[in-house]
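Work through the following exercises with the sequence and the coordinates at hand. Each task is followed by a worked solution.

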Amino acid sequence: MLRVLLGIAFGWVIWKVLSGIIRMLAVEPEAPDPDDVVPTEEHFRCIVCGSEATVTLRSATEAVAPRHCREEMQQA
Ligand SMILES: [Zn+2]
């Protein structure tokens, strides 16, 4: 009887953890506020592969360089 109760409790814990992870992954990020986006003209280059990108709009509150090849791109 104890083994059955432990099995049910263990199954319930696994169910709660997995459903919480799936619920966390299913949440869509909020759309950016149009007032927090400003026009810009910034050129970036990947230090690993040499790819280049041009940013024409960026966040007014959070100025973070884009990432490529898992590294932050450098301003060109
Ligand atoms: Zn790259």
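The exercises below concern a predicted model and treat its helix and its sheet in turn.

**Exercise 1.** Determine what end-to-end span helix α1 (residues 2–26) should have, and compare it with the model.

Solution. The expected span is 1.5 Å times one less than the number of residues. Because α1 holds 25 residues, its expected span is 36 Å. The C-alpha atoms at the two ends of α1 are 36 Å apart, which agrees.

**Exercise 2.** Establish how many residues of α1 are buried.

Solution. A residue counts as buried if 20 or more other C-beta atoms lie within 10 Å of its own. Of the 25 residues of α1, zero are buried, so the helix lies largely in the open.

**Exercise 3.** Derive the order of the strands in the sheet.

Solution. Begin with β1 (residues 37–45) and β2 (residues 52–59): seven bridges join these antiparallel strands. Next, two bridges join β1 to β5 (residues 74–75), again antiparallel. The three strands therefore form an open sheet in the order β2-β1-β5. Its edge strands are β2 and β5, each of which pairs on one side only.

**Exercise 4.** Identify the bridge partners of R45 in β2 and in β5.

Solution. In β2, R45 has E52 as its bridge partner. In β5, the partner of R45 is Q74.

**Exercise 5.** Describe the connection between β1 and β2.

Solution. The two strands form a hairpin with six residues between them. Within the turn, G50 has a positive phi of about 85 degrees.

Methods: Residues are numbered from 1 along each chain as its sequence is written. This is a predicted model: local features need pLDDT of at least 70, side-chain atom pairs count only at pLDDT 80 or more; totals for chains, interfaces and linings use all residues. Helices (H or I, at least four residues) and strands (E, at least two) are DSSP runs, numbered from the N terminus. A residue is buried if 20 or more other C-beta atoms lie within 10 Å of its own, exposed if 12 or fewer, and partly exposed in between; C-beta atoms are placed from the backbone.
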